[in-house]
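This report goes through one structure from its chain contact down to single elements. The sequence and the structure come first.

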Amino acid sequence: MNREKRYVMVVDTRLCVGCKACVLACKAENNTPDGFCRDWIVEDIWGLFPNLRAEIRSERCNHCSNAPCVDACPTGASHKVDGGIVLVDHDLCTGCKACIASCPYDARYVHPDGYVDKCTFCAHRVADGKTTACVAICPTKTLHFGDANDPQSEVAQLLASRRHKVLHPETGCEPNLYFLT
Amino acid sequence: MQRREFIKITGMTALGVAAASSAVLPKDSQAAVDPGTDGDHTVATFCELCFWKCGVLAHVKDGKVTKIVGNPDHPLSRGALCPRGTGGTGLLYDPDRLKKPMIRVGERGQQKFKEVEWGEALDYVAAKLKDIAAKHGPESVAMFAHGFGGSFFKHLLNAYGSDNVGAPSYAQCRGAREVGFQLTFGTALGSPEVIDLENSRAIALIGSHLGENMHNTQVQEFAKAIERGAQLIVVDPRFSTAAGKARHWLPIKPGTDMALLLAWIHVMLNEGLYDRDYIEKYAVGLEQLKAHVADKTPEWASLETGLEASQIVDSIRVLAGARPAALLHPGRHTAWYGDDAQRARAMAIVNALLGSYGRRGGIYYPTKLGVPKYAGIPDYPHKFKPTPDKPKGKVYPFADESLAHGLRDASIPGTADYDIKAWLVYGTNLIQALPEPKKTIEAIQHLDLLVAVDVLPAEIVGYADVILPEATYLERWDDVVVTPYKEQYIAIRQAAVKPLYDSKPGWWIAKELANRLGLGAYFPWNDAAEMVKARLAAGKFDVDAVLKQGVALGARKPVFIEDGAPAVFATPSKKIELFSQQLADAGLDPLPKYTPPDEPGAGQFRLLMGRTPTHTFGRTTNNRFLSEVYSDNELWLNAQVARELGLENGTQVRVVNQDGVKSNALRLKATQRIRHDCVFMVHGYGHSAAGLNFAKGRGADDAALVTRIKVDPLFGGTGMSVNFVAIERA
């Protein structure tokens with residue numbers, strides 16, 4: 001069957017304990033520079049003591065289907081590859097930060113070597129048939145990665161069966177990072 | 001307009017640069033640049049960032065460890081890791097590591113040392129040990145240890161003639177739980193706790209902050225239980241990560257857990273929520289228990305705990321509704337208020353009433369594989385003298401491990417049955433791990449010898465006479481590990497890379513000391529690798545397969561009563577002892593009693609301490625890799641109280657305890673997530689050791705504020721959450 005892949009990540013906020021194993025596994029896998037991480041944890045707390053509610057999210061680049069960073073990039077460094085993964089070509093990138101300004105998720109940073117860096121959905125691993133480093137390490141099985149266009153995939157089934165949300169849907173950028181709530 | 005112009009200009013410049021570059025990838029390249037962190041090979045070993053012993057695969061490339069991932073074959077990691085497990089490289093490549101043996105030249109504690117060669121350091125230690133044995137007897141040497149590599153030194157000490165080995169992980173941590181459960185069911189729970197969280201249908205936590213306390217398998221199972229719809233009840237003065245996932249959060253007044261437990265028992269018995277058949281078959285003392293809790297109503301407990309009576313009733317109904325696949329988590333760090341073993345007893349009794357001991361989703365009967373000892377090691381030559389870990393004349397009838405603080409106290413001359421004259425400290429920073437640090441420093445001044453075997457220059461290392469730099473767990477072999485667990489397995493630790501600097505594996509250090517002490521016969525193997533392989537071969541394991549996988553699994557055996565595991569209770573009555581005749585005979589409360597806690601004075605808060613998922617106390621706070629995501633502790637204070645004190649979130653504050661001890665400055669976290677009468681900080685910060693260049697001065701040290709303790713009469717454990725602090729602007 002010939003159909004286009006749409007890689008997504010599904011984050012089960014009910015299971016996440018915010019331990020940051022995902023953040024550190026990414027750092028190790030992708031050898032990000034000191035002081036920079038490609039993913040991060042957000043803990044939202046609502047209410048007043050003792051009536052409180054919490055949500056913990058592992059966040060990263062949303063690899064938007066309608067990616068504003070790709071549109072904003074003047075050099076073509078930010079681009080899409082198979083499965084909708086958004087990558088930055090280090091050699092084409094000048095570090096102009098237009099993409100950083102355009103990103104609703106603050107997912108990008110300027111690498112000390114001068115180019116803009118961010119989550120790649122571990123495209124180098126995915127090309128090898130492996131899952132991402134953050135998914136692999138996650139002790140609570142909060143994180144799931146796969147092709148949402150394949151109805152048999154775990155991510156498609158989770159999205160079909162569980163209540164979920166995306167962040168900043170109002171931007172129209174069609175993010176591919178889903179949060180089960 | 002301006003921004004658009006800017007982009008246009010930079011865009012043009014960029015194209016110019018790109019055209020000039022010869023290494024430009026086409027923009028439709030299908031894969032990201034491979035960061036190249038996969039090893040040219042991997043080594044299967046197990047982690048030592050904490051003490052859970054998860055299997056890891058170390059990726060090694062050009063002789064360097066590039067990254068560490070979970071070993072999918074290992075039952076404790078199941079392919080996943082906690083954040084600390086990823087941080088072994090931060091330990092291995094820590095620039096502050098101990099690099100050469102050193103001998104003290106200044107006064108103790110001045111941290112002045114000269115570098116020496118191994119031969120000189122080992123000769124010095126051996127000569128001192130011989131001298132001490134002649135003068136005071138070998139039993140006057142004590143060892144303090146935390147970490148698996150300590151096994152070689154314990155063996156050395158036993159051969160030398162002393163069995164005085166203490167670990168703060170007992171009296172300062174899980175001891176109370178072990179004593180309480182052993183008195184009730186006949187067996188301590190050990191580590192990993194023998195609990196079947198993944199199959200629990202309801203889980204209650206009392207002060208156990210799973211998710212912040214990040215024992216890999218346990219948190220994996222905790223999440224799995226939540227995923228399967230288990231009900232969660234969290235009793236904690238703090239809205240912990242776990243509380244954020246709970247159906248019932250009970251923000252209890254600190255120190256009143258016993259009142260809640262007695263009321264829970266009251267409701268279970270009154271409403272018939274307990275497992276009658278199970279109790280009838282396996283337990284003794286139900287009638288005494290009924291009488292004991294007759295007046296311990298939820299209304300009574302409400303006044304003590306600050307919880308609604310309805311919350312108390314609803315939560316135990318939820319827990320009991322899922323029995324027997326219901327678990328009141330036994331806890332781990334339980335050294336809180338001085339009546340901790342009795343609180344653990346009450347928790348054990350709740351589990352008994354749930355019928356959860358020996359049942360799926362409750363507490364299981366562990367199984368383990370056997371591995372033969374290395375052939376030819378002689379028996380120890382001495383009958384060991386009883387450990388002097390209690391003040392003269394004092395008896396703690398139910399202590400079944402040595403008290404680390406007791407061995408410390410015995411170093412102050414004339415206070416115990418005999419004096420401790422020398423310490424061998426392996427991998428435990430006693431300055432932060434024991435309460436009353438002033439007493440630790442005083443005891444050190446009386447010693448004839450203090451030897452520290454460690455990887456990093458923690459505070460205790462600064463007090464040593466001789467520092468022996470050990471190789472990290474990634475650079476050494478250790479003994480075979482055999483863990484009682486629900487799956488039978490053994491695992492090995494093997495070196496992924498060669499030791500850096502002039503560090504040496506623990507086995508080598510112990511063997512070299514043994515040779516110098518005339519105890520070489522106790523270390524007959526050439527090296528630890530040879531010893532491990534010989535033991536595996538003798539046990540008929542496929543040695544090559546174990547080396548490759550790091551682990552060998554045995555056949556599954558039943559671990560639950562319903563699957564055929566025998567319902568054994570190793571108590572004197574051979575039954576679950578709701579009423580404890582053992583305690584009665586020792587003149588102690590046979591049923592747990594509630595004592596109201598001390599109240600904080602005006603402007604004071606009870607100091608509570610705990611964990612963050614990224615760190616193992618002060619052991620990892622110098623780890624720069626792990627500190628990328630958590631580098632300083634904070635002081636949690638109720639936001640309303642903070643407002644009343646005029647303190648904003650983020651303000652630098654200090655806390656001052658009831659004895660005037662003032663902490664380092666740390667950041668205030670003004671939050672809704674904690675009660676008004678207590679403050680909380682993560683343990684292991686506020687280092688002062690000169691050599692911890694990263695951790696030094698970061699955050700505040702809770703241990704320094706623990707100038708008071710309440711001693712548990714059952715086993716001598718040190719209740720440490722009995723200190724009160726005031727807060728001032730830094």
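How many residues does the contact take from chain A and from chain B? The model is a predicted one, and in it the contact takes 47 residues from chain A and 55 residues from chain B. On the side of chain A that touches chain B, α1 (21-30), β2 (40-48), β3 (51-59), α4 (123-126) and α5 (133-137) of chain A each give at least two residues. The largest share of that side, 8 residues, belongs to α1(A).

Within chain B, the domain assignment gives domain 1 (175-366 + 569-585) and domain 2 (605-729). The C-alpha centres of domain 1 and domain 2 of chain B are 28 Å apart. Their contact draws 22 residues from domain 1 of chain B and 24 residues from domain 2 of chain B. On the side of domain 1 of chain B that touches domain 2 of chain B, the elements with two or more residues are α5 (168-185) and α12 (340-354) of chain B.

The table gives residue classes for three sets of contact residues.

| Set of residues | Nonpolar | Polar | Charged |
|---|---|---|---|
| Side of chain A that touches chain B | 27 nonpolar residues | 12 polar residues | 8 charged residues |
| Side of domain 1 of chain B that touches domain 2 of chain B | 11 nonpolar residues | 6 polar residues | 5 charged residues |
| Contact of α10(B) with α11(B) | 5 nonpolar residues | 1 polar residue | 1 charged residue |

The helix pair in the table consists of α10 (residues 298-305) and α11 (residues 309-321) of chain B, which pack at an angle of about 115° with their axes 8 Å apart. Angles of 65 to 115 degrees count as roughly perpendicular, and α10(B) and α11(B) are therefore roughly perpendicular to each other. The crossing of α10(B) past α11(B) is right-handed. P298(B), E299(B), A301(B) and S302(B) make the contact from α10(B), and A309(B), I312(B) and V313(B) make it from α11(B).

Chain B also holds an open sheet of 7 strands with mixed pairing, in the order β5-β4-β15-β14-β13-β6-β7. Its edge strands are β5 (113-115) and β7 (165-166) of chain B, each of which pairs on one side only. Helix α4 (residues 151-160) of chain B packs on this sheet and touches β6 (141-145), β7, β13 (422-426) and β14 (449-454) of chain B. The direction of α4(B) makes about 165° with that of β6(B). Elsewhere in the sheet, β4 (residues 102-104) and β15 (residues 466-469) of chain B pair in the antiparallel sense over 2 bridges. There, M102(B) is placed opposite I467(B) of β15(B).

Conventions:
Residues numbered from 1 in each chain as written. Chains lettered and ligands numbered in written order. Predicted model: local features only at pLDDT ≥ 70, side-chain atom pairs only at ≥ 80, totals over all residues. Pairing = 2+ DSSP bridges. Helix = DSSP H or I, 4+ residues; strand = E, 2+ residues; numbered from the N terminus. Contact = placed C-beta atoms within 7 Å. Axes fitted to C-alpha atoms, helices over the stretch in contact; angles between N-to-C directions. Parallel < 35°, antiparallel > 145°, perpendicular 65-115°, else oblique. Left-handed = near helix turned anticlockwise from the far one by under 90°. Nonpolar A, V, L, I, M, F, W, Y, C, P; charged D, E, K, R; others polar. Domains from an automatic or database assignment.
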